[in-house]
Amino acid sequence: MRAVITVIGKDMVGILAGVSNICVEYKVNIIEVTQSIMQDMFAMIMMVDITEANAPFAQLSEALHNFGEQNALSVHIMHEDIFNSMHRI
Amino acid sequence: MLNTNDILETIHMIQDENLDIRTITMGISLLDCSDSDIDKACDKIYDKICRYAGNLVKTGEDIEAEYGIPIINKRISVTPVAMVAAACPDKNPVKFAHALDRAAKQVGVNFLGGYSALVQKGFGPGDYALIESIPQALAETERVCSSVNIGSTKAGINMDAVAKMGHIVRECAEMTADNNCFGAAKLVIFCNAPEDNPFMAGAFHGVGEPDCVVNVGVSGPGVVRAALAKAPDANITEVADIVKRTAFKITRMGQLVAQEASRRLCVPFGIVDLSLAPTPAVGDSVAHILEEMGLESCGAHGTTACLALLNDAVKKGGVMASSHVGGLSGAFIPVSEDAGMIDAARCGALSLTKLEAMTAVCSVGLDMIAVPGDTPAEIISAILADEAAIGMVNSKTTAIRLIPAIGKKPGEDMEFGGLFGSSPIMDVNRYSPAKFISRGGRIPAPLQSLKN
């Protein structure tokens with residue numbers, strides 16, 4: 001199963017590293033990363049494969065959410081299908 | 001890979017514009033639960049609901065976590081209880097309401113609909129007793145919702161039922177006067193009631209439905225308003241197009257959740273209801289969409305036209321996004337549950353007569369409207385008759401939920417709290433329709449019913 005991690009917030013050192021570390025910890029494979037910075041707002045989108053993940057989805061979601069809270073970022077992980085169904089016919 | 005802007009748009013819709021799945025409603029047939037012994041019938045009902053819906057709430061929560069889309073309500077609709085109650089005609093049907101309430105609490109759903117009777121052409125066995133018991137049932141239970149269908153395009157309008165329901169609505173309010181007359185907020189009177197509606201308080205599981213089914217109601221007025229706000233100078237053709245595109249996206253999400261819920265619960269997928277259902281939260285209002293189209297306030301002249309456009313565009317956008325569309329499908333205009341409607345009613349821009357006109361072009365009727373506590377039953381009946389006539393002639397559903405605010409006068413406020421919001425009390429026309437209502441009988445089905 002693939003999921004999309006989105007990170008939105010003020011740019012700072014270590015965002016990509018922080019999220020990647022969580023992915024390593026939960027055995028989540030990063031497939032693709034795109035990021036853009038508009039003025040000082042940072043938006044990163046990460047496509048990940050969670051088939052091999054070593055914890056339930058809810059736990060992973062909570063870990064990412066906590067990372068976001070600690071760093072004043074909005075971090076979400078959502079099933080890929082939600083975007084596919086909404087934007088592709 | 002997915003387009004970055006598309007992903008951010010979806011996140012933005014959920015985080016900032018209140019996009020959500022309003023309800024996953026499991027419809028359960030109770031036809032096999034009838035028994036001449038009312039206690040046995042109640043046990044069968046309780047067991048069947050617990051067996052079928054035991055995992056409903058958990059499944060909804062799992063989907064919510066995994067897909068990242070809020071699913072606000074998990075609910076149950078059942079076969080109109082009057083049909084089950086017909087097997088034990090001498091007993092008080094309130095026992096059924098208590099069994100349903102216990103089952104709803106056991107499985108953890110916040111509302112269960114179906115304490116209902118379908119009497120559009122006349123009262124069958126069980127119907128009259130059930131209708132008489134509605135005020136007591138709604139006062140003594142917490143989660144049970146009730147509805148009565150008093151008319152249809154095919155059958156006409158049962159004026160005996162209309163007269164009766166005026167009294168029932170009043171009694172519901174009177175028996176719950178110390179609880180903001182909340183009993184009346186759990187009772188919907190229908191013309192052309194849909195059998196697969198997932199939205200409360202009017203949900204019930206129609207007789208033509210399978211044994212068990214999952215229906216999903218989407219929402220998202222905030223998303224539509226935000227999309228329109230980005231195009232302040234668009235002409236009306238473009239406005240309709242924006243609404244269609246947005247409704248498509250909202251509905252796709254509903255379709256996904258419906259299919260997933262159906263798969264996980266091993267229950268057939270019924271329909272997606274394409275409704276714009278507002279909440280009192282800021283940014284989740286249908287009235288604000290109408291105002292975004294260019295009205296100073298909802299209720300101004302032009303409101304009916306804007307609502308007609310909105311209602312139609314929502315359907316056109318949504319219908320391609322889902323394999324099965326049903327339920328009420330359109331824009332809801334509940335007064336107390338919509339921040340924009342509340343403001344418009346408070347400042348005097350929105351009147352009961354304008355709301356009545358609006359119900360001719362939207363998906364429901366006079367919904368969540370508080371009227372003065374001394375409104376006589378025959379005036380309530382006459383309001384029901386007017387609304388039912390609009391539904392009957394236009395081959396559409398009209399659903400009426402009036403709350404007589406016991407002890408209160410026009411201009412005062414009624415606080416329901418939570419998703420039910422608050423409402424200023426709207427005055428009614430005091431000229432008497434008593435003679436008309438007391439005649440009884442049936443308004444014949446209109447020519448529109450002869451389609452064969």
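**Domains and core of chain B**

Trainee: In this predicted model, how far apart lie the C-alpha centres of domain 1 and domain 2 of chain B?
Mentor: The domain assignment of chain B places domain 1 at residues 22-191 and domain 2 at residues 216-445. The C-alpha centres of these two domains are separated by 22 Å.

Trainee: How many residues of domain 2 of chain B are in contact with domain 1 of chain B?
Mentor: Contact is judged by C-beta atoms within 7 Å. On the side of domain 1 of chain B, 45 residues take part. Their partners in domain 2 of chain B number 50 residues.

Trainee: Which element gives the most to the side of domain 1 of chain B that touches domain 2 of chain B?
Mentor: Elements giving two or more residues to this side include the strands β1 (21-28) and β4 (144-152) and the helices α3 (56-67) and α7 (159-175) of chain B. By class, this side has 26 nonpolar, 14 polar and five charged residues. With 11 residues, the element that gives the most is α7(B).

Trainee: Where does the largest nonpolar core lie with respect to domain 1 and domain 2 of chain B?
Mentor: This core has 185 residues, and Leu100(B), Ile150(B), Val162(B) and Val257(B) have the most contacts inside it. Both domain 1 (22-191) and domain 2 (216-445) of chain B give residues to the core, so it lies between them.

Trainee: Which helix of chain B gives the most to this core?
Mentor: The core of 185 residues has Val257(B) among those with the most contacts inside it. The helix in question spans residues 236-265 of chain B and gives 11 residues; it is α10.

Methods. Residues numbered from 1 in each chain as written. Chains lettered and ligands numbered in written order. Predicted model: local features only at pLDDT ≥ 70, side-chain atom pairs only at ≥ 80, totals over all residues. Core = buried A, V, L, I, M, F, W, Y, C linked by C-beta atoms within 7 Å. Buried ≥ 20, exposed ≤ 12 C-beta atoms within 10 Å, placed from the backbone. Helix = DSSP H or I, 4+ residues; strand = E, 2+ residues; numbered from the N terminus. Domains from an automatic or database assignment. Contact = placed C-beta atoms within 7 Å. Nonpolar A, V, L, I, M, F, W, Y, C, P; charged D, E, K, R; others polar.
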